[in-house]
Structure formats: structure tokens, C-alpha cells
Amino acid sequence: MTAKLFFSAILKFLLGVVLVGALIFLPAGGFSFVGGWLLMGVLFLPMFGFGIYLMFKNPSLLQRRLDAKETQREQDIVIKLSGLMFIAGFVIAGLDYRFGWFPLPMAVSVIASVAFIIVYLLYAEVLRENEYLSRTIKVENGQKIVDTGLYGIVRHPMYSVTLLLFLSIPLILGSLIAFAVFLLYPLLIVRRIKYEEMLLETELEGYVEYKTKVKYRLIPFIW
């Protein structure tokens with residue numbers, strides 16, 4: 001661990017807390033939005049704990065996760081559209097709470113929060129299984145195929161996990177309208193996976209054979 005990595009990680013974490021909080025609570029008209037507090041808790045508390053763990057146990061993986069600058073134009077568009085989806089979803093959820101458009105029962109928020117934590121454990125397992133995971137699409141020197149564990153079920157378990165995490169977010173916020181906005185994510189992730197597999201087939205040795213072994217990309221028995 002280096003001081004630069006430490007301060008970079010802490011700064012990005014704090015900026016994330018402030019940004020998400022502002023996007024949720026300002027449209028909600030105050031801090032009485034219980035669903036907003038639930039999301040802040042299940043999103044940032046595990047993130048902080050896991051980030052501290054990586055900082056000491058696997059700083060190289062933490063560095064990869066912090067590097068979000070996508071060099072490929074096609075994928076940069078996907079990242080930017082995902083960002084707009086999050087902004088729109090958070091703002092709409094806050095407004096939905098404030099004006100009571102289509103609120104969901106609190107029980108939905110609680111159940112979705114529990115589901116989020118369970119799926120976050122799967123997220124941690126994916127990172128444990130594949131130390132080469134980064135937030136950008138690239139193949140690194142010495143990278144090898146991982147075909148066991150969750151990678152023996154689907155070829156892109158990280159995307160499977162993030163799909164579940166992201167679709168649970170508007171449910172935690174108790175907003176049916178925001179959920180409709182977040183349905184854009186599956187479309188974006190399918191587009192990203194198709195491009196990523198083209199790159200992996202040409203640059204990662206053994207990936208073509210891996211595709212024949214593990215047939216499903218994102219969801220078992222479906223796609």
C-alpha cells in the first residue's frame with residue numbers, strides 16, 4: 001500500500017458518499033427519506049470495509065478497481081450512459097418520495113436491502129476468484145483464464161452480480177419509476193459484454209476454449 005493509493009481511495013469514497021447523498025436527499029426535500037438512508041448504509045458501509053481490506057491485502061486489485069478511465073470509445077459511451085442512468089434514477093427516486101408518485105411498501109425496501117448485502121458477498125467472491133478484474137476492459141500481462149467457482153457457471157459473474165445489485169437499488173429507494181430507469185442497465189451490460197468478448201477472444205489465450213466450456217455469459221440457462 002502506498003500513501004497515494006490510500007488518499008486516492010479515501011477521496012473517491014468520500015466524493016461518492018457526498019454525490020450519492022446529494023442526488024438522493026436534495027430531490028427528496030430533506031433527510032427524512034428512510035429508503036435513502038438504507039441505501040447509503042448498504043452501499044457505503046460494505047464498500048468501506050472491503051476497500052480497507054483490499055488496501056492492506058491486495059492493493060494492486062484495489063488500484064484496478066479505482067481505475068475507471070475507459071480508453072475504448074465504445075465502452076466509454078456505455079460508462080457515460082450508465083452514469084446518466086444512476087443520476088436520473090437517484091433524482092427520480094428522491095422526487096418520487098417527496099411527491100408520493102408511486103411509492104413501494106417499506107417491506108420492499110427492507111427485503112431489497114437484505115438482498116443487496118447477500119449479493120455483495122458474491123461480489124467479494126468474484127474479486128477473490130479473479131484478481132485481474134478492473135473497471136475497464138483490458139488484458140494485462142500474465143493474465144490467465146479463471147474457469148472455476150462462479151466463473152464455471154457464467155463467463156462474466158461480475159456483471160451478473162452488478163446486475164442484481166443495481167436492480168435492487170431503486171427497490172431499496174422504494175421507487176417503481178426509478179426501477180424502470182435502472183432497467184436500462186441490462187441493455188448496456190449486454191452491449192459491453194459483446195464488445196469485451198471480442199477483445200478477450202483475440203488477446204487472452206485460451207478464452208475461445210473457455211467459451212465452449214462455459215456456455216452462458218450472464219444468466220445461467222438464459223444468456
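In which helix is the place of Val91? Val91 belongs to helix H4, which covers residues 73-99, and this residue offers a convenient point of entry into what is a predicted model.

Before following Val91 further, a word on confidence is in order. The protein chain has a mean pLDDT of 88, with 91% of its residues at 70 or more. Within the chain, confidence is lowest in helix H3, residues 59-66, where the mean is 74, while helix H7, residues 176-182, has the highest value, at 97.

Returning to helix H4, Val91 has a relative accessible area of 26%, and because this falls between the limits of 20% and 50%, the residue is described as partly exposed. When neighbours within four places in sequence are left aside, Val91 is in contact with Leu23 and Pro27. Glu201, by contrast, stands 110 residues away from Val91 along the chain, and the C-alpha atoms of these two residues are separated by 39 Å.

The loop between H6 and H7 holds Ser175, whose relative accessible area is 0%, so that this serine counts as buried. Apart from residues up to four places away in sequence, Ser175 touches Ile92, Ala93, Asp96, Leu104 and Pro170; of these, Ile92, Ala93 and Asp96 have numbers that fall within the range of helix H4, residues 73-99. The side chain of Ser175 also has a polar atom that lies 3.0 Å from the backbone nitrogen of Ala178, a residue whose number falls within helix H7, residues 176-182.

Helix H6 leads on to the second largest pocket, which has a volume of about 220 Å³. With five residues, helix H6, residues 157-172, gives the most to the lining of this pocket. Among the lining residues are Pro157, Ser160, Val161, Leu163 and Leu164, and the list also includes Leu122, Leu150, Ile153 and Val154, as well as Leu218, Ile219 and Pro220. In character, the lining divides into 11 nonpolar residues and one polar residue, with no charged residue present; the polar one is Ser160, because serine is not listed among the nonpolar or charged types.

Beyond Pro220, which is one of the lining residues, the chain continues to Phe221, placed in the segment after helix H9 (207-213). The phi angle of Phe221 is near 70°, a positive value in a residue other than glycine. Phe221 has a relative accessibility of 71%, and it therefore counts as exposed, whereas Ser175, at 0%, is buried.

Conventions
Residues are numbered from 1 along each chain as its sequence is written. This is a predicted model: local features need pLDDT of at least 70, side-chain atom pairs count only at pLDDT 80 or more; totals for chains, interfaces and linings use all residues. Side-chain values use heavy atoms; hydrogens and water are left out. On a 1 Å grid over the protein atoms alone, a cavity is a set of points where a 1.4 Å probe fits but cannot get out, and a pocket is an open set with protein on both sides within 12 Å along at least five of seven lines; lining residues have an atom within 4 Å of a point. Grid points are joined across faces, edges and corners, and a volume is the space filled by probe spheres set on the points. Helices (H or I, at least four residues) and strands (E, at least two) are DSSP runs, numbered from the N terminus. pLDDT is the predictor's confidence in each residue, from 0 to 100. Buried means under 20% relative accessible area, exposed over 50%, partly exposed in between (1.4 Å probe, protein chains only). A polar contact is a pair of N or O atoms within 3.5 Å; within protein, one must be able to donate a hydrogen and the other to accept it, and residues adjacent in sequence count only if both atoms are side-chain atoms. Contact means heavy atoms within 4.5 Å.
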